[in-house]
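Got the viewer open? Let's walk through this one selection at a time, starting with whole chains and ending on single residues.

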Amino acid sequence: MNTLRRLIRDRSALLGLIIIAALVLAAVFAYPLATFPHDVTNYDPPRRLLPPDSVYWFGTDRMGGDIYSRLLFGARLTILIAVVATSVSVLIGVPVGLVAGYYTNRVSDLLMRISDIFLAVPQIVLAIAIAQTLGPAIQNVILALSITYWPFWARLVYAETRSVKNEVFIEAAIALGASPLRVMVLHVLPSIASSVIVRTTIGMGGTILVAAALGFLGLGPPPPTPEWGRMIAESREFLPQAWWYATAPGVAILLVVMGFNLLGDGLRDVLDPRLRRDVSAR
Amino acid sequence: MVARRMVWMPPTLFGLVLLVFAISHIVPSDPARVMAGENAPPEQVEALRHQYGLDLPLPRQFVRYVGDVATGNMGTSLFTQRPVAEDLWARLPATFELALGAITLAVAIGVPLGVVAALSRNSLLDHVVRIVTISGLAMAAFWLAILLQLLFSMWLGLTPVQGRSDGWGPDPITGFYTIDAMLRGDWETLGESLRHLALPVATLALPAMATIVRFTRAGVLNVMSSNFVFYQAAMGIPRRRVVWKYILRSALIGTLTQIGLIFGTLIANAVVVEAVFDWPGLGSFAVHSILQSDYNAIMGFTLFVGTVFIVVNLTVDIAQAVLDPRGQ
C-alpha cells in the first residue's frame with residue numbers, strides 16, 4: 001500500500017496511471033462509450049471523410065466510419081496485444097535469465113548467446129519478417145512480438161541474478177540445503193522483481209509502438225479491424241485534405257505509450273532506489 | 001573481455017542467419033511462381049526454381065547459402081536480379097546519410113539541452129525539455145513523419161514530400177548526395193538534397209535526441225552531487241570552470257555508452273521512416289524484400305545490419321573501457 005501511496009504522490013506517475021486507467025476504461029466500455037458503435041464493421045460511404053464536428057467528434061474515415069468510435073474499439077486491440085505479447089516475453093525471458101544467471105556453465109553461456117542473436121538486429125526487422133511469414137492476423141502479431149522481445153527480459157534478469165547470486169542470504173539458503181529451484185524462485189526472484197516490474201511497464205509502451213508499426217506496414221490484423229497503426233496508414237491517401245484522419249490515432253498512441261513510460265519511471269523511483277531518476281542535489 | 005566478445009561474433013552471426021533462414025522458410029511460399037508471373041507455364045516456374053536452388057531440401061539450401069556467404073557471395077535478389085551485396089552497397093549511403101544527419105542533429109541539440117536542463121533543475125526550461133523528451137520517446141515515428149509531411153510539405157510547401165532528390169542526384173563519388181554535391185561545387189543540388197533530407201532527419205533525430213537529453217541530464221545531476229565536485233566548490237574554484245572542465249567530461253561518458261542503444265533505435269525507426277518518405281535506403285529495401293518474400297535479400301540485410309550492430313556495440317564497449325577504467 002505504501003508503494004501505491006508514494007506512486008500517487010509522484011505527479012507524473014499519477015498522470016501515467018490516469019492515462020492507463022482511461023485506456024482500460026475505454027477498452028472495457030467501448031460499446032456504451034462509442035457514439036456509433038456499429039462503425040467497427042458497418043460502413044456508411046455517403047458520410048465518408050467528414051471533418052470533426054459535434055456529431056463525428058474526430059471526423060470520419062474513408063469508408064464513412066466514425067473515427068472516435070473506431071478508436072475506442074482499437075483500444076481493446078492495443079491492450080490485448082500489449083498485455084499478451086509482454087506476458088509471453090516475460091514468461092520466456094525471466095526463466096531463461098534466472099537459469100543462465102544462477103548457473104555458470106555451458107548451458108547458461110548458450111542461453112545468453114541465443115538471446116544475443118535475437119538482439120543483434122532491430123526488433124522491428126525480426127517482427128516484420130515473422131509477421132509477414134505468418135500472415136496478417138492478431139495472433140501472429142502477438143507471436144512476432146513475443147519471439148522478438150523475450151531476450152530483453154532474459155538479459156535483464158541474467159544481469160540482476162548475477163549481481164544477487166553472491167549475496168549472503170543466497171549463500172545461507174544454499175547452505176541450509178535449499179534446492180536450486182527453490183533458491184531461484186523463492187530467494188533470487190523476489191529480490192529482482194522490482195526491476196522486472198519496471199522494465200515490463202516500460203516494455204508495454206515499446207510493444208505498443210512496434211505493434212502499431214506492424215499495423216502501419218499492413219502486417220497487423222486485417223481490415224475492418226480498427227487497429228491504430230493501420231488507421232494512420234489509411235489516412236495517407238487522403239492528405240492533405242483529411243488532416244484529422246491520422247490525428248486521433250496518432251495522439252492515442254502517443255498518450256498510451258507516454259502513460260506506460262511515466263508509470264515505469266515512477267515505479268523505478270519508488271521500487272528501486274538505486275536507479276533514481278533524479279539524484280537529489282546536495 | 002573484448003577478445004571474448006570478438007570470438008563470439010562469428011557464431012552469433014551464424015545463429016542470426018539460421019534464425020532468419022528458419023523464419024523465412026517456415027511457410028512454403030513459392031518465390032519462383034511469383035517471379036515467373038501469374039500465367040507462366042509450369043516448366044518455366046520449374047526452371048526458375050532449379051536455377052535458384054529452391055528445389056533442394058531446406059538443410060541443403062541452408063548449407064549452400066552459408067557456404068556462399070562465407071566466400072562473400074550473398075546470392076542474387078529474386079526480384080531485382082542483381083547480387084544482394086551490390087544492392088545493399090548501393091543503398092548504404094542513403095541510409096548512412098540519414099543516420100549520420102540524425103545523430104549529429106540529436107547530439108548537437110540534445111547534449112546542450114540536457115546540460116542546461118540539469119544546471120537549471122526544476123526551472124520552466126527543465127519542465128519544457130522534460131515534456132519534449134517524454135513525447136519524443138512515446139511518438140510513433142511513422143506518425144511524426146506524416147505530421148511533418150503534412151505541415152512542411154503539403155501546407156507550407158517548404159520541403160519535398162518524398163524521395164532523395166528531384167532528379168537523379170549528383171554524379172556519384174561517395175554516394176552521399178550532400179558530399180558529392182559539395183565536391184562538385186554544385187550548390188543548387190546541395191540545397192536540393194538538404195531540403196529532401198530535412199524531414200526524415202528530423203523524424204529520426206527526435207527520439208534519439210530525447211534519449212540523449214535524458215542521459216545527459218541524469219549524468220550531469222549525478223556528477224554534480226558527487227564528492228569531488230563538492231570539494232572543488234568548497235575550494236572556491238569558479239563554478240563555470242567546474243562545469244566545463246569536470247562535470248561535462250564525466251557526464252558525457254554516460255551519454256556515450258548510450259550511443260549503441262540510440263543507434264539501434266535509429267536503424268529500427270529508419271525501417272519505417274524510409275518507407276514513409278520513399279527514401280531509397282536499406283530500411284525501405286528491407287521492407288520491400290520482406291513483403292515480397294525475397295529470401296536472399298532479407299537474409300543479406302539481416303546479416304549486414306547484425307554485423308553493423310555487433311561492431312557498433314563492441315566499439316562502444318571499447319571506447320567506454322578506455323574512457324572510464326572503473327568499469328573493468
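Helices here are DSSP runs of H or I with at least four residues, strands are E runs of at least two, and both are numbered from the N terminus. Keep in mind that this is a predicted model: local features need pLDDT of at least 70, side-chain atom pairs count only at pLDDT 80 or more, and totals for chains, interfaces and linings use all residues. Residues are numbered from 1 along each chain as its sequence is written, while chains are lettered from A and ligands numbered from 1 in the order in which they are written.

**Stop one: chain B**

Select chain B and colour it by secondary structure. Along the sequence the pattern reads α-α-α-α-α-α-α-α-α-α-α-α-α-α, which comes to 14 helices and zero strands. Along the principal axes, the C-alpha atoms fill a box of roughly 85 × 55 × 40 Å. Of the 328 residues in chain B, 40% are buried (buried: 20 or more other C-beta atoms within 10 Å of the residue's own; exposed: 12 or fewer; partly exposed: in between; C-beta atoms are placed from the backbone). Now look at contacts, meaning residue pairs whose C-beta atoms, placed from the backbone, lie within 7 Å. Among those in chain B between residues at least 6 apart in sequence, 71% join residues at least 24 apart.

**Stop two: chain A**

Switch to chain A, which has 11 helices and zero strands. Its C-alpha trace spans about 75 × 45 × 35 Å along the principal axes. Buried residues account for 48% of its 282 residues. For contacts in chain A with a separation of 6 or more, 70% are between residues 24 or more positions apart.

**Stop three: where the chains meet**

Show both chains and pick out the contact: 46 residues come from chain B and 39 residues from chain A. On the chain B side, the elements that give two or more residues are α1 (2-25), α6 (124-138), α7 (141-155), α9 (187-224), α12 (259-277), α13 (282-291) and α14 (295-323). Highlight α1(B), since its nine residues are the largest share of that side. Colour the chain B side by class and you get 36 nonpolar, nine polar and one charged. For these classes, Ala, Val, Leu, Ile, Met, Phe, Trp, Tyr, Cys and Pro count as nonpolar, Asp, Glu, Lys and Arg as charged, and the others, Gly among them, as polar.

**Stop four: the core**

Which residues touch the most other members of the largest nonpolar core? Select Ile128(A), Ala213(A) and Phe142(B), which do so in a core of 163 residues. (A nonpolar core is a set of buried Ala, Val, Leu, Ile, Met, Phe, Trp, Tyr and Cys residues joined through C-beta atoms within 7 Å.) α9(B) gives the most to this core, with 17 residues. Zoom in on Ile128(A): beyond its neighbours within four places in sequence, it contacts Leu214(A), Leu217(A), Leu219(A), Val287(B) and Ile290(B).

**Stop five: two helix pairs in chain A**

Select residues 67-102 and 106-119 of chain A, which are α4 and α5. They pack at an angle of about 140° with axes 8 Å apart; axes are lines fitted to C-alpha atoms, for helices over the stretch in contact, and angles run from 0 to 180 degrees between N-to-C directions. Val96(A), Val99(A) and Ala100(A) in α4(A) meet Ser108(A), Leu111(A), Met112(A) and Ser115(A) in α5(A). By class, that contact has five nonpolar, two polar and no charged residues.

Next, take α10 (residues 228-235) and α11 (residues 244-271) of chain A, whose axes come within 8 Å and cross at roughly 150°. On the α10(A) side you'll find Trp228(A), Met231(A), Ile232(A) and Ser235(A), meeting Tyr245(A), Ala246(A), Pro249(A), Gly250(A), Ala252(A) and Ile253(A) in α11(A). Here the classes are eight nonpolar, two polar and no charged residues.

**Stop six: two single residues**

Click on Phe216(A), found in helix α9 (residues 180-216) of chain A. Is Phe216(A) buried or exposed? Phe216(A) is buried, with 27 other C-beta atoms within 10 Å. Leaving aside neighbours within four places in sequence, Phe216(A) contacts Gly229(A), Arg230(A), Ile232(A), Ala233(A), Phe142(B) and Val272(B). Draw a C-alpha to C-alpha distance from Phe216(A) to Gly229(A), 13 residues apart in sequence, and you get 4.4 Å.

Finish at Leu119(A) in helix α5 of chain A. Leu119(A) counts as buried, with 22 C-beta neighbours inside 10 Å. The C-alpha atoms of Leu119(A) and Gly177(A) are 37 Å apart, with their positions 58 residues apart along the chain.

Terms used:
Contact = placed C-beta atoms within 7 Å.
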